[in-house]
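Here is a guided walk through a protein model, written for someone meeting this kind of picture for the first time. Keep the structure open beside the text and look up each residue as it is named.

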Amino acid sequence: MTLIWHIVKKDIRRFWIGIALLIGLTGLKLFLVGGVIRAGMGTDWNNRIMLYEFLLLIAELILSFFVAAAIVQEDPVSESGAFWQNLPITRLQLIAAKSSGVILICTLPAVLTLAVGLLVYRMPVNVMGCPLIVVAEVHVATCLLAFAFGSLARNFAQLLYWIIGVALSLFILSVIIAPLLPDRVPVTPGTHLTHTFLLNFICVVACVAVTLNQYLAESRNRSIVFLATGMLLFLYVLGAERSPLSLDFLAVLEPAQNNLNREIALLKANVVQAEITRQKPDLDATELLHISVQGASHGLIISPRSYFGKWMQSGIAQDWAKIYRARDDSLKHAVIQAFGFPSSPEKDDLNFGAESTISVGDADLLRGRSSSYTGQIVLNVQETIIDGQMDLAKGASLRSNYGTSKIRDVRSDGSIIQVDLENQEMLLTAESGWFVGITGVAGSASHIGYVIVNRKTQTVLTPARTSAGIGLYAYGIFVGRGKLQFVVPPSESSSSSLTDWIMVEAKIGDVHSSIKSFKEDVLLKEVPTIKRDAAWTE
Amino acid sequence: MNAIEINNLTRRYGRTDALVDLSLTVHTGSIFALLGPNGAGKTTTIKILMNLIPPTSGRATVLGVESTRIGPKERAQIGYVSENQTLPLWMSVRQLLDYCRPFYPSWDRNLETTLLKQFNLPEDRKLKHLSRGMLMKVALMSALSYRPKLLVLDEPFSGLDPLVRDDFVQGILEASDLGNWTVFISSHDIDEIERLADHVGVIDGGRTKLNESSESLLMRFRRIEVNLQGQTPLLEEMPTNWLAVDRASERVIFIDSRYSEYTADSPYQRYFPDAVVTSHPMTLREIFLTLFRSDRKTSVGIRL
């Protein structure tokens, strides 16, 4: 153990400049993050600083990769004349020393972040637990790559050669197999999660196999075979995600998926309709389609899985239609359902739009002059869970699985209620796409939404487009601040006071259990006349 | 116990035989020189002895331990200096010594100080600023300071200018007075070896050609000069241990590889009854060259 630490100390002394630079980069990043947190949000320079913070993060990862690889290469296992071979140490001791050094390098920024977060920014301990997960995901991956390539290469030039070679090989092979893959067919979250897991697993196993083989078995040719096998498996799993060979572990492992399967079976029977409702004023080829989904059970949200629908004629894909949500009412409906407020059946329709970019001639066909056109879209079925509620008052807070949401300030001029909200475990972003308003993004397929509810009038309001949010991220520390604006209906603006309102946090979907995708054909309804919409803006 | 015993050692790289049934013995306390031209298999032999590569067949023991089982414990008793060794050039001499010291429980600080003075090494200078000769001295010093039982030097003179070579040999000789270690040195620089070695092994093409003490070797080989004085010698039937025979008009010169075996009855009188025969001692270099030139001129086996 003493000898292992002795080697680690030597490596630190050797690469102290790189390590100091790494600490400096992390420190600068934390300083910028702190600056943005303290300065507020919405200003132009905040966005610029966030860009710098992102660039610093990239620089930090690249630097930590090269420092880690340099530590490994300081005592190269591929080099026959390496000095360490004279020393009375085993290869096991060497790999232990190198692992310790590399782990030290890669955890250093995280430890620094933790310290700054706890001591300088006074973040709660439970919030700081997340960085460890991020370190595991990002920096351990960096370390593993550095270890594998560092042990394989005889010197720095070879290290670059290997990295560039592998990256180029992966790129060229992916280009070669790309034509063999189906078109942009979205995959289910379960499939995506399964394949992401498999890709990570392959990378980790390949890196560990190469490293252990280099250190303990000393067979470079075998390491190259491991590397090549890993690359081929990686490409296979990557390609298989969009093919009939795809895998979905969650569908097997997660019983909650069965409920969604039943829901999907019901929905597929009768729910999807589409009609052309509006046309852009300046371009014949662009249409706005109104697609409605009916019949979803309480607590379920149906939303487009992908941004694109596929328009087909005689079973052949002719074009893609961009799908978006003009106005998301699903969250509102879910809250209404959860609170048991009355609502008209037609309001339960889940509406979203599609914008086609097909040619003028084909647009004529789409207008219903031909019945051979059908659209195909992929929808998500998500469960909605109300995480909790809090008073709409300054200082009110709500603790949920997604962290503690805290109201920093509430202002109302009668017609607009503005809530300054903060959450220290997730980003609060203003999305102009599917979910307009403030959305906490904890994953690509699941969302946290905030609405305000007037218990007296049973009114549910979702954030307006004018809401703004900012999200900061550093080593797993999510800091989100949002200024949510709610437009109060004129009927209530004079009668209600702030004390009548509560704020509700809802979780829409969850990657691991309550989301599933299905593909559905959209039948176009014939619309005799279409009016150009002069007021249409993007 | 012998410091090194090599029995029928074979090592193949693909289809190439680097070593073929090599057998050698290195006595404890001796300075053994393994000689051979480039590609003879010297470095391969040492790598097997140091357990850096495994043998294809055969076995070798180092300090009583089979070479394939040499671990940290044994390595702490073996000093290894190689021309191919990559020293951590970013360190100073002092830093290198400080780094190496904890690895060896037997590290002798007094010896370290003595060697530092003897080799005249600048403690604070970075290794990257040292000459090749100085670097070899640093490597030798770091290998000697823990008083190894066996010192293995692989082509230590390679790339050194004559002055530095002389300096380095002097360093080894002086160091050998400081401890009772066995030295195993491989080289194709025979002049330096002659000053150092008390035992010589010669290999070529991975095969053993010679393995005996320097004293015996120098006694055994003689350059024989025969002044014929008008006689006609029976050169067609000359013994096979007469090498590099060169016949001029009145003289015959050859190398006799069994000179020391003769007692009273010298074969020279039978071949050259009335000629005047004089014998001249040879250097190790001359013996080495004779052996290899003779071997390459004829495919007939030479009796050494």
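## A residue inside chain B

B:Thr182 is found in strand 8 of chain B, which covers residues 182–187. Please keep in mind that this is a predicted model. Is B:Thr182 buried or exposed? Its relative accessibility is 1%, so B:Thr182 counts as buried, the cut-off being under 20%.

What does B:Thr182 touch, once residues up to four places away in sequence are set aside? Its contacts are B:Ala3, a run from B:Val26 through B:His27, B:Thr28 and B:Gly29 to B:Ser30, and then B:Lys149, B:Leu150 and B:Leu151. With B:Gly29 there is a polar approach as well: a polar atom of the B:Thr182 side chain lies 2.8 Å from the backbone nitrogen of B:Gly29.

Now zoom out to the whole of chain B. It has 304 residues, and buried residues make up 53% of them. Its secondary structure consists of 10 helices and 14 strands. Take the contacts in chain B between residues at least 6 apart in sequence: 70% of these join residues at least 24 apart. The area that chain B exposes is about 13900 Å², with 46% of it supplied by carbon and sulfur atoms.

## Where chain B meets chain A

The size of an interface is often given as the accessible area lost when the parts come together. Here chain B and chain A bury about 1900 Å² between them, and 65% of that is on carbon and sulfur atoms. In chain B, the residues that lose the most area to chain A are B:Trp90, B:Tyr99 and B:Phe103, which together account for 38% of what that side buries.

How many residues are in contact across the interface? Chain B brings 21 residues, and they are in contact with 18 residues of chain A. Between the two chains the count of salt bridges is zero, while five residue pairs are in polar contact. On the side of chain B that touches chain A, the elements giving two or more residues are helix 2 (72–75) and helix 3 (93–100) of chain B. Helix 3 of chain B gives the most, with five residues.

## Charged pairs in chain A

Side chains of opposite charge can pair when their charged atoms come close. Over all chains, the count comes to 21 salt bridges. Three of the pairs are set out here.

| Pair | Closest N to O |
|---|---|
| A:Lys98 and A:Asp11 | 2.8 Å |
| A:Glu74 and A:Arg14 | 3.3 Å |
| A:Arg411 and A:Asp409 | 3.1 Å |

Start with the salt bridge between A:Lys98 and A:Asp11. This pair links distant parts of the chain, since A:Lys98 is in helix 4 (residues 91–120) of chain A and A:Asp11 is in helix 1 (residues 2–14), 87 residues apart. Both A:Lys98 and A:Asp11 are buried.

Next come A:Glu74 and A:Arg14, which also meet in a salt bridge. They too link distant parts of the chain: A:Glu74 is in helix 3 (residues 44–74) of chain A and A:Arg14 is in helix 1 of chain A, 60 residues apart. A:Glu74 has 15% relative accessibility and so counts as buried. A:Arg14 has a relative accessible area of 33%, so this residue is partly exposed.

These two pairs belong to a network of salt bridges that links A:Lys10, A:Asp11, A:Arg14, A:Glu74, A:Asp75 and A:Lys98.

In the pair of A:Arg411 and A:Asp409, A:Arg411 is exposed because its relative accessible area is 57%, and the cut-off is over 50%. A:Asp409, at 23% relative accessibility, counts as partly exposed.

## Nonpolar residues of chain A

Chain A also has a nonpolar patch on the surface, formed by A:Phe156, A:Leu160, A:Ile164, A:Leu168, A:Phe171, A:Ile172, A:Val175 and A:Ile176, with about 770 Å² of accessible area together. One of these, A:Ile172, has its place in helix 7 (residues 156–177) of chain A. At 45% relative accessibility, A:Ile172 is partly exposed.

A last stop is A:Ile385, in strand 7 (residues 373–391) of chain A. Its relative accessible area is 38%, so A:Ile385 is partly exposed. Leaving aside neighbours within four places in sequence, A:Ile385 is in contact with A:Glu505, A:Ala506 and A:Lys507. From C-alpha to C-alpha, A:Ile385 and A:Val335 are 8.7 Å apart in space, and they are 50 residues apart in sequence.

Definitions and conventions:
Residues numbered from 1 in each chain as written. Chains lettered and ligands numbered in written order. Predicted model: local features only at pLDDT ≥ 70, side-chain atom pairs only at ≥ 80, totals over all residues. Heavy atoms only, no water. Salt bridge = Lys/Arg side-chain N within 4 Å of Asp/Glu carboxyl O. Helix = DSSP H or I, 4+ residues; strand = E, 2+ residues; numbered from the N terminus. Buried < 20%, exposed > 50% of the residue type's maximum accessible area, 1.4 Å probe, protein only. Patch = residues over 30% accessible without salt bridge, like charges linked within 9 Å, V, L, I, M, F, W, Y side chains within 5 Å. Areas by Shrake-Rupley, 256 points an atom, 1.4 Å probe, with all protein chains shown as cover. Contact = heavy atoms within 4.5 Å. Buried area = accessible area lost by both parts, 1.4 Å probe. Polar contact = N/O pair within 3.5 Å; in protein donor to acceptor, adjacent residues only side chain to side chain.
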